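Let's take a walk through this structure together. Have a look at the fold and the sequence below, and then we can go through them piece by piece.

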Amino acid sequence: MTKIDHIGVVVKSIEDALKVYSGLLGIEPLGYEVVEERGIKVCFIQIGDTKIELLQPTRDDSEISAYLEKKGEGLHHIAYCVEDLKETMTKAKDLGLRPLSDEPKPGAHGAIIAFLHPKMTNSVLTELVQHNH
Ligand code: CO
């Protein structure tokens with residue numbers, strides 16, 4: 001069944017953001033990962049069946065730097081699990097949705113991901129995630 005894999009939140013500092021999750025709610029992060037190609041450090045926090053993904057830029061030209069500069073910290077995207085990412089990207093194009101890249105990108109934990117342009121998804125940046133089972 002399709003489920004929400006995670007909700008992405010852009011932050012300036014993961015450490016500061018963890019005050020809410022670890023400090024207040026008592027949930028320890030699943031771990032940290034730097035995705036070099038995208039210039040981001042990510043931290044996942046398991047909340048029930050889904051996760052919060054905290055995204056922090058590691059360099060000025062990271063994937064989220066322009067967003068952070070323009071809009072500031074906050075809700076960034078919703079990610080859905082898919083079985084076959086390539087197939088889903090083709091289907092998205094057929095439906096008039098616009099993937100932000102032609103090929104899948106590396107996600108955290110060995111997953112592959114793709115984003116859909118928010119203009120075609122009700123202004124909600126939408127991520128598709130295929131996990132390696
Ligand atoms: Co994400």
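What follows moves from the sheet to the metal site, and then to the cavity and the pocket.

Please keep in mind throughout that this is a predicted model. A good place to begin is the open sheet, which has 8 strands and mixed pairing. Reading across the sheet, you meet the strands in the order β2-β3-β4-β1-β5-β8-β7-β6. The edges are formed by β2 (31-35) and β6 (105-106), each of which pairs on one side only. At the β6 edge, the neighbour is β7 (residues 112-116), joined to β6 by 2 bridges, and the two strands run antiparallel. If you want to find this contact by residue, look at Pro 106, whose bridge partner in β7 is Ile 112.

Now turn to the metal. Which residues coordinate the cobalt ion? The donors are His 6 and His 77, each through NE2, together with Glu 53 and Glu 127, each through OE, at 2.0 to 2.1 Å. Along the sequence, these donor residues follow the spacing H-x46-E-x23-H-x49-E. Within this set, Glu 53 in strand β4 (residues 50-57) and His 77 in strand β5 are 24 residues apart, a pair that links distant parts of the chain. Both Glu 53 and His 77 are buried. As for geometry, the 4 donor atoms subtend angles of 81 to 168° around the cobalt ion, so the arrangement is irregular. For reference, the ideal angle for four tetrahedral donors is 109.5 degrees.

Some of the metal-binding residues come up again when we look at enclosed space. The structure holds 1 cavity of 30 Å³ or more, and the largest cavity has a volume of about 100 Å³. Its lining has 15 residues, and those nearest the centre are His 6, Phe 44, Glu 53, Ala 108 and Glu 127. Four strands, β1 (4-10), β4, β7 and β8 (126-130), each contribute at least two lining residues. By class, the lining of this cavity has 6 nonpolar, 4 polar and 5 charged residues.

Finally, there is the open space. The largest pocket has a volume of about 330 Å³. It is lined by 15 residues, with Tyr 67, His 76, Leu 100, Pro 118 and Leu 125 nearest its centre. Here α2 (65-71) and β5 (74-81) each supply at least two residues of the lining. The pocket lining divides into 8 nonpolar, 4 polar and 3 charged residues. Strand β5 is thus worth a second look, as β5 helps to line the largest pocket and also holds the cobalt ligand His 77.

Terms used
Residues are numbered from 1 along each chain as its sequence is written. This is a predicted model: local features need pLDDT of at least 70, side-chain atom pairs count only at pLDDT 80 or more; totals for chains, interfaces and linings use all residues. Side-chain values use heavy atoms; hydrogens and water are left out. On a 1 Å grid over the protein atoms alone, a cavity is a set of points where a 1.4 Å probe fits but cannot get out, and a pocket is an open set with protein on both sides within 12 Å along at least five of seven lines; lining residues have an atom within 4 Å of a point. Grid points are joined across faces, edges and corners, and a volume is the space filled by probe spheres set on the points. Ala, Val, Leu, Ile, Met, Phe, Trp, Tyr, Cys and Pro count as nonpolar, Asp, Glu, Lys and Arg as charged, and the others, Gly among them, as polar. Donors are N, O and S atoms within 2.8 Å of the metal (3.2 Å for Na, K and Ca); water is not among the atoms, so sites may look incomplete. Four donors count as tetrahedral if all angles lie between 85 and 135 degrees; four count as square planar and six as octahedral if opposite donors are over 155 degrees apart and all others between 65 and 115; anything else is irregular. Buried means under 20% relative accessible area, exposed over 50%, partly exposed in between (1.4 Å probe, protein chains only). Two strands pair if DSSP finds at least two bridges between them.
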